[in-house]
Amino acid sequence: MKIRKLWLLPILLLGLVLAGCSNKSNTKKSATALTKTQVVQKAKKSFKSGQVIQSVRLATDTSTQLVTANTIFGGNNGTIFHITNQTTSKGKTQSTEEWVNMNNVFINGSSTWYKAKLDSLSGHSYAELVNAIMDNKLILDPSSKLVKAYKMTRKGQTYTLTANLTDKTLMKNAIEPIIATVGQTSAQESVFRRILKYGKLKNMTVKMVVKNNKLSTFTVFVNLKLGKYMTARFGQSYGNFGSQDFLKVPTSVLNAKALPTTKSSKKSSK
């Protein structure tokens, strides 16, 4: 019996030691949880590539019109943008496909690619496109008001920050880069600017997800009211970060023809 008790003693001691190690390990794991400020800092790290959907939705009680620019961006030597533009109204959708580099915009004309200067065609420049998508201030340089408004939830190593704000300055700053780049023409941009000018800003919702210490998704929507019956919503949704680091304009696209100048555009340029 004495010999048996002597054998049990080291086993019990080993069990106590292992239990202590387990408790220390659990304490260490719980201590690694990030604070809201730390999560925001993780998201601030610049991204090289990904996907973003910019959108403008106009709605009444009886109809809805949706304009979207679904953009894949990335590349090694200057950012390349591959954009699918869509306008949906009354159940019908019109689409166009574009590639944009530092020098030109390339437009898919069914079986033929055409090229033109981006600013002359769309009303916005390559620099504005880079600023709106790559240098989004809501992600890379969020205001203290936005950070304070964030509410955080955590599931494992996934952190979700959400905010609902009514600050007019924040809302205008969020809308501006969308208006500047989502339009396919200068005329379309003018329409969006009139909506901002005459509409009443209601609220802005923001959602950011940081997973395994990296930004996973980011979405912002700003809602406006126009008169009694019309509403507008401007949005920008990011995802698939790091998926297009080596994006290139295809050779077949680079060999595009110059976009023909219409008679109407010639007259307007005189």
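**A friendly note on this fold**

1. Let us begin with the surface. The protein chain has an accessible surface of about 16,400 Å², and carbon and sulfur atoms account for 55% of that. Please keep in mind as you read that this is a predicted model. Of the 270 residues in the protein chain, 36% count as buried.

2. Next, the parts list. The protein chain contains 10 helices and 12 strands. How do contacts in the protein chain spread along the sequence? If you take the contacts between residues at least 6 apart in sequence, 58% of them join residues at least 24 apart.

3. Now find the sheet. It is an open sheet of 12 strands with mixed pairing, and the order to trace on your screen is E7-E8-E9-E10-E11-E1-E2-E3-E4-E5-E6-E12. Which strands stand at the edges? They are strand E7 (151-155) and strand E12 (257-258); each has a single partner strand, so one side of each is left without a neighbour in the sheet.

4. Stay for a moment at the E12 edge. Strand E6 (residues 112-116) and E12 run parallel and are joined by 2 bridges. Here you can look for Lys115, which stands opposite Ala258 in E12.

5. Two helices deserve a look against this sheet. Helix H2 (residues 36-43) packs on the sheet and touches E7, strand E8 (158-165), strand E9 (200-211) and strand E10 (214-226). The direction of H2 makes about 85° with that of E9. Helix H7 (residues 168-182) lies across strand E1 (50-59), strand E2 (64-74), E8, E9, E10 and strand E11 (230-239). H7 runs at about 80° to E9.

6. E9 is a good strand for practising how to read pairing. With E8, E9 runs antiparallel, and 8 bridges join the two; one place to check is Leu165, whose bridge partner in E9 is Met204. E9 and E10 also run antiparallel, joined by 11 bridges. In that pairing, Lys207 stands opposite Thr219 in E10.

7. Turns can hold small surprises. Most residues other than glycine have a negative phi. Asn212, in the loop between E9 and E10, has a positive phi near 55° although it is a residue other than glycine. The hairpin of E9 and E10 has 2 residues between the strands. Lys90 is another case to look up: this residue is not a glycine, and its phi is positive at about 55°. Lys90 lies in the loop between strand E3 (80-89) and strand E4 (92-100). Is Lys90 buried or exposed? Its relative accessibility is 79%, so Lys90 counts as exposed.

8. Helix H4 (residues 126-133) shows how a helix can have a buried side. Its buried residues include Tyr126, Leu129, Val130, Ala132 and Ile133. Why do they share the same side of H4? Because they cover an arc of only 165° around the axis.

9. Aromatic rings come next. The count comes to 7 aromatic pairs. One of them is formed by Phe192 and Phe234, with 6.3 Å centre to centre and 85° between the planes, an edge-to-face arrangement. Phe192 belongs to helix H8 (residues 186-198) and Phe234 to strand E11, so this pair ties together parts that are 42 residues apart in sequence. Both rings sit in buried residues: Phe192 has 3% relative accessibility, and Phe234 has 0%. Elsewhere in your list of aromatics, Phe47, Phe73, Phe218, Tyr238 and Phe241 form one aromatic cluster.

10. Finish with Val56, which lies in strand E1. Val56 counts as buried, at 1% relative accessibility. What does Val56 touch, leaving out residues up to four places away in sequence? The answer is Gln65, Leu66, Val67, Val182, Phe192, Arg233 and Phe234. Phe192 and Phe234 in this list are the two partners of the edge-to-face pair described above. The C-alpha atoms of Val56 and Gln236 are separated by 9.2 Å, while these two residues are 180 residues apart along the chain.

Note on methods:
Residues are numbered from 1 along each chain as its sequence is written. This is a predicted model: local features need pLDDT of at least 70, side-chain atom pairs count only at pLDDT 80 or more; totals for chains, interfaces and linings use all residues. Side-chain values use heavy atoms; hydrogens and water are left out. Helices (H or I, at least four residues) and strands (E, at least two) are DSSP runs, numbered from the N terminus. Buried means under 20% relative accessible area, exposed over 50%, partly exposed in between (1.4 Å probe, protein chains only). Contact means heavy atoms within 4.5 Å. Accessible areas come from the Shrake-Rupley method with a 1.4 Å probe; for residues, only the protein chains shown count as cover. The arc is that of the directions from the helix axis to the C-beta atoms. Two strands pair if DSSP finds at least two bridges between them. Axes are lines fitted to C-alpha atoms, for helices over the stretch in contact, and angles run from 0 to 180 degrees between N-to-C directions. Rings of Phe, Tyr and Trp (its six-membered ring) pair if their centres lie within 6.5 Å; planes under 30 degrees apart count as stacked, over 60 as edge-to-face and the rest as tilted.
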